[in-house]
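Subject: Structure for you to look over

Dear colleague,

I am passing on the structure we talked about, together with some notes on what came out of going through it. Please keep it open beside this message as you read.

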Amino acid sequence: MTATAPPPDGLTDVPGIRVGHARVAGPRALSGTTVVLAPEGGAVAAVDVRGGGPGTRETDALDPRNVVQRIDALVLTGGSAYGLEAAAGVMAWLEERHRGVRVGPDPAHVVPVVPAACVFDLGRGGDFAARPDAATGRAAVA
């Protein structure tokens, strides 16, 4: 009998897509951040934000009427609205690599497009203050 590989069905099966995750450090930390890193040049993205208290950052930029056409990374984080800070770490990492929308003649003058969304995972038995931040985002993208 010949074994065959299962059909591709994971996000990382898409050429150039990388996924990383970092957990918040600490014995009572119960949160973390996942980053979907687009290939150089970005990826087309869309969003549908729902719910009575959505926690998002830069998702309005994905409206097709706006100038943004591609994203450089996507952040999915815990920590409720506090965790959205993780996107700042991802932006800094991308900026260091000159990845983003170029906004001037210098290749280092870029603005990375990093939409983010969070889940409410505070107060579920862990340390309320142990939530993702910019360092968690940087660790996840690296």
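What follows is a walk through the chain as a whole, then the sheet and its helices, then a few side chains.

Please bear in mind from the start that this is a predicted model, and that every value below was computed from it.

The protein chain contains three helices and seven strands, and read along the sequence these elements follow the pattern β-β-β-β-α-α-β-β-β-α. Its C-alpha trace spans about 55 × 45 × 30 Å along the principal axes. Of the 142 residues, 36% count as buried, while the chain exposes about 8600 Å², of which carbon and sulfur atoms supply 56%. Among the contacts with a separation of 6 or more, 68% are accounted for by residues 24 or more positions apart.

The sheet is the natural place to begin. Five strands form an open sheet in the order S1-S2-S4-S7-S3, and the pairing in it is mixed. Strands S1 (18-23) and S3 (56-57) stand at the edges, and because each has a single partner strand, one side of each is left without a neighbour in the sheet. Going inward from S1, you will find that S1 and S2 pair in the antiparallel sense over six bridges, with Arg18 having Leu37 in S2 as its bridge partner. S2 in turn pairs with S4, again in the antiparallel sense, over five bridges, and here Val35 stands opposite Val75 in S4. Val75 also has a bridge partner in S7, namely Ala116, and that pairing belongs to the three bridges that join S4 (residues 73-77) to S7 (residues 116-118), two strands that run parallel. As for cover, S2 is mostly shielded, with five of its six residues buried.

Two helices can be placed against this sheet. Helix H2 (residues 86-96) lies across S1, S2, S3, S4 and S7, and runs at about 155 degrees to S4. Helix H3 (residues 134-141) lies across S1 and S2, and runs at about 45 degrees to S2.

Turning to charged side chains, the count comes to five salt bridges, and three of the pairs deserve a separate word. The side chains of Arg99 and Glu40 meet in a salt bridge at 4.0 Å, N to O. This pair links distant parts of the chain, since Arg99 sits in the loop between H2 and strand S5 (101-102) and Glu40 in the loop between S2 and S3, 59 residues apart. The two partners are unlike in their surroundings: Arg99 has 9% relative accessibility and therefore counts as buried, whereas Glu40, at 63%, counts as exposed. Asp48 and Arg50 form another salt bridge, with 2.7 Å from N to O; Asp48 is exposed at 52% relative accessibility, and Arg50 is exposed as well, with a relative accessible area of 65%. The side chains of Glu96 and Arg97 meet at 3.4 Å, N to O, and salt bridges that share partners join Glu96, Arg97 and Arg138 into one network. Glu96, with a relative accessible area of 48%, is partly exposed, and Arg97, at 41% relative accessibility, is partly exposed too.

Two nonpolar places remain. Leu11, Val14 and Val19 make a nonpolar surface patch of about 230 Å². Leu11 lies in the segment before S1, and its 45% relative accessibility is why it counts as partly exposed. Phe128, for its part, is found in the loop between S7 and H3, and at 44% relative accessibility it counts as partly exposed. Leaving aside its neighbours within four places in sequence, Phe128 is in contact with Leu122 and Gly123. The C-alpha atoms of Phe128 and Ser31 are separated by 9.8 Å, although these two residues are 97 residues apart along the chain.

If you have time for one part of the model, I would suggest following Val75 in S4, which stands opposite Val35 and has Ala116 in S7 as its bridge partner.

With best wishes

Notes. Residues are numbered from 1 along each chain as its sequence is written. This is a predicted model: local features need pLDDT of at least 70, side-chain atom pairs count only at pLDDT 80 or more; totals for chains, interfaces and linings use all residues. Side-chain values use heavy atoms; hydrogens and water are left out. Two strands pair if DSSP finds at least two bridges between them. Helices (H or I, at least four residues) and strands (E, at least two) are DSSP runs, numbered from the N terminus. Contact means heavy atoms within 4.5 Å. Axes are lines fitted to C-alpha atoms, for helices over the stretch in contact, and angles run from 0 to 180 degrees between N-to-C directions. Patches are made of residues with over 30% relative accessible area and no salt bridge: like charges are joined within 9 Å, nonpolar side chains (Val, Leu, Ile, Met, Phe, Trp, Tyr) within 5 Å. Accessible areas come from the Shrake-Rupley method with a 1.4 Å probe; for residues, only the protein chains shown count as cover. Buried means under 20% relative accessible area, exposed over 50%, partly exposed in between (1.4 Å probe, protein chains only).
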